[in-house]
Amino acid sequence: MKNRKLSSSAAIGVVLCLSFSLISCDTPSRNNTNLAQERILMETGGSAAGDFGPPVGEPIIATLTSAPDVPPPIDRNTPAKLIVNLEVRELEMPISEGVMYTFWTFGGTVPGSFIRVRQGDTIEFHLANHPSSKMPHNIDLHAVTGSGGGASSSFTAPGHESQFTFKALNQGLFVYHCATAPVGMHIANGMYGLILVEPPEGLPPVDREYYVMQGEFYTVGKYREKGHQEFDMQKAIEENATYVLFNGSEGALVGDNALRANVGDTIRLFVGNGGPNLVSSFHVIGEIFDKVFTEGGTHYQENVQTTLVPAGGSAITEFRVEVPGTLVIVDHSIFRAFNKGALGMIKVDGPENLAVYTGKEVDSVYLGDKVKDLTAVAEVATAYSTTGEVTIAQQIAAGEVLFAGTCSVCHQLDGSGLATVFPPLAGADFFLADTTRAIDIALNGLMGPVTVNGQSYDSVMPPMSQLNDDEIANILTYSLNSWGNDGGRVTREDVAERRASTERPPGAAH
C-alpha cells in the first residue's frame, strides 16, 4: 500500500481519540463524556471547577463587616464549612440631613453586611428576623446555585430564624437581596449587599479594600424634605428616584466619613448596585481604573474611566493613587450626583507629585455643601420640622452652607458676582430693595436685562425650585445678612406662600 498523509480533519480526529482514550484509562469508573465536559468546565472556570470536595476541619464562623469595611482576605488552602449569621432589622435612620427613613436592613446597615468566602466553601446560612420587625423577609444570594438563590429556603417571619446550606461553586462578586413580595419594595428599602467568593489562591494583595454599594430610594417627600419620609410605591414603579445614594445615606462617604488612602496605595473597590431600578455609571473623578472586573466576574478590562454596574450587579475596580487630594466618587449620570446624593470621596494624603499633577485640593465651589459639615444644617432642618421655630443665627449658618453649594459659582463666595456677567448680591440695590421679588427669582429664575448698582447685566438665573422652602429661606436670609448688607429675614412660610401663588415656568422642578 502507498503511504498517505492524513488530512487535517483526520489528524484532529486522531488527537481527540487519543485524548478520550487517556481520559478513559485515567478514570475507568467514570463516564467519558461527563468527564470531558467537566474538564472543559474546569478550563473555562465554570461551576464544576469550584467543587473541591467536602469541608476540611472544624466549622468557621464568618466575619461580617459593615460598609465601607471589608473582611480580611481568606488565608487557607482548603475548603471549609463557613457559618454565616445574618439578622434582618427594620430601623429608622437618617437618609439625608434632617431626613429620617425606615430602612429594612441585613445586619442593621444599608448596604447589608459584606460576606467573604472561598470558592469551594460550604456555607451554612442562618437568617434571623428580629422580633421587632413588621414584615417577613428572606434572602436571594446571586452566589447560590439552587432554587431562588436561597429565597425559597429562607422565608422568615418576625422573631424566627431560617437555615439552609449551599456550596460556593463560582468565584466572583455577587449581590444578595431580599426576595419577599413585593420584591421591589424590600430592595428599595435597603435590603441588599455583597458576597465575595474568592478564588482558591486568593486575590492579589492591595493596600486598601473598600465596600461601596449604590441604591436608590423613593420617598413621598421631595429631595431633602425634612422629617420622617415614607416609601412611595408609585414613584418606585415609575423609576422616579428621590435619592440615589452610596452606602445608604447622603453623608455616608463624605466629610469625616470619606474613604482614606495614602499616595502610592493600591485600592480595590468592591462595587455593587442594589437598584432596584437604575443602572449605575460608576466613576471616580481624578482617577482611572487600572483594572475593572466587569459585572463582578473573573475577566478584567484595563484603563477604564467609567464602568456600568447593572441593578443587581457588581464590579471590582483597582487603581493606584499617585497624588494627594480628594477623589470624588459619583454616578456619572450626573444629576444623580449633585441633585440626588450619589457622591462620595476618597481623601488621599501624602507628598505632592508635581510631575503628575500640579493642581489643588477639591474646589469647595465645585462640590458645594458636599465638602462641608452638614451637622448645623441638619439641626436647623430638624428644628423646622418638629417645632417650626428657628433663630435667625441658625438660618444664617445653614444658608452659608447652602449658598456655597448652590449660588456661589455665579455670585461668588463673597457676594461680589462677576463683573458684567453675574450681578452682585453684596450691597446690591436690586436684591435688597424687594424681598418678595428675591423669593420669586429664586423660585422661578430670571431672564433678560437687569440693572444693579447702575450696571447692566443680561444673563440667566435658572429656577431653584428644586430647593425646599426652608433652604431658599435660609439662603436669602444669609445673603441679606452678609457682606455688609443691612439685614433682613425670609421665613419658609414666606417662600411657601410665593410658591403656591406663582405658576412654575418651564424648566422649574415643581
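Hi everyone, let me start with Arg208, which is partly exposed, with a relative accessible area of 25%. Before I go on, please keep in mind that this is a predicted model. Arg208 has a partner: Asp265 forms a salt bridge with Arg208, and the closest N and O atoms are 2.6 Å apart. This pair links distant parts of the chain, with Asp265 in the loop between strand E13 (259-262) and strand E14 (266-275), Arg208 in strand E10, and the two positions 57 residues apart. Asp265, for its part, is buried, with a relative accessible area of 11%.

Let me step back for a moment to the whole protein. We have 510 residues, 48% of which count as buried. The protein contains 13 helices and 25 strands. Among contacts with a separation of 6 or more, 69% come from residues 24 or more positions apart. And the structure holds 17 salt bridges.

Now to another of those bridges. Arg116 and Glu209 join their side chains in a salt bridge, at 2.8 Å from N to O. Arg116 sits in strand E4 (residues 115-118) and Glu209 in strand E10 (residues 208-217), so this pair ties together parts that are 93 residues apart in sequence. Arg116 is buried, at 5% relative accessible area, and Glu209 counts as buried too, at 16% relative accessibility. Which residues are linked with Arg116 in a network of salt bridges? They are Glu198, Glu209, Arg268 and Glu318.

One more bridge, if you'll bear with me. Lys226 pairs with Glu471 in a salt bridge, where the closest N and O atoms are 3.9 Å apart. Lys226 lies in the loop between E10 and strand E11 (227-229), while Glu471 is in helix H12, so the pair ties together parts that are 245 residues apart in sequence. Lys226 is buried, with a relative accessible area of 14%, and Glu471 counts as buried at 4% relative accessibility.

So what about a charged residue without a bridge? Glu287 is buried yet has no salt bridge. How far away is the nearest side chain of opposite charge? That side chain is Arg320, and the distance is 8.2 Å. Glu287 lies in the loop between strand E15 (280-285) and strand E16 (289-293). Leaving aside neighbours within four places in sequence, Glu287 is in contact with Phe319, Arg320, Val321, Glu322 and Leu327.

Let me finish with the helices, beginning with H12, where we met Glu471. The axes of helix H12 (residues 469-480) and H13 come within 8 Å and cross at roughly 120 degrees, and the crossing is right-handed. Here Asp469, Asp470, Ile472 and Ala473 of H12 meet Arg492, Val495, Ala496 and Arg499 of H13. By class, that contact has four nonpolar, no polar and four charged residues.

Helix H13 (residues 492-501) also crosses helix H11 (residues 435-444): their axes come within 10 Å, at roughly 65 degrees. This crossing of H11 and H13 is right-handed. Thr436, Ile439, Asp440 and Leu443 make the contact from H11, with Asp494, Val495, Arg498 and Arg499 from H13. By class, there are three nonpolar, one polar and four charged residues in the contact of H11 with H13.

A last stop in H11 is Thr435. Thr435 counts as partly exposed, at 33% relative accessibility. The C-alpha atoms of Thr435 and Gly488 are separated by 8.7 Å, with the two residues 53 apart along the chain. Thanks for listening!

How values were computed
Residues are numbered from 1 along each chain as its sequence is written. This is a predicted model: local features need pLDDT of at least 70, side-chain atom pairs count only at pLDDT 80 or more; totals for chains, interfaces and linings use all residues. Side-chain values use heavy atoms; hydrogens and water are left out. Helices (H or I, at least four residues) and strands (E, at least two) are DSSP runs, numbered from the N terminus. Buried means under 20% relative accessible area, exposed over 50%, partly exposed in between (1.4 Å probe, protein chains only). Lys and Arg count as positive and Asp and Glu as negative; His and the chain ends are not counted. A salt bridge is a side-chain nitrogen of Lys or Arg within 4 Å of a carboxyl oxygen of Asp or Glu. Contact means heavy atoms within 4.5 Å. Axes are lines fitted to C-alpha atoms, for helices over the stretch in contact, and angles run from 0 to 180 degrees between N-to-C directions. A crossing is left-handed if the near helix is turned anticlockwise from the far one by less than a right angle, and right-handed if clockwise. Ala, Val, Leu, Ile, Met, Phe, Trp, Tyr, Cys and Pro count as nonpolar, Asp, Glu, Lys and Arg as charged, and the others, Gly among them, as polar.
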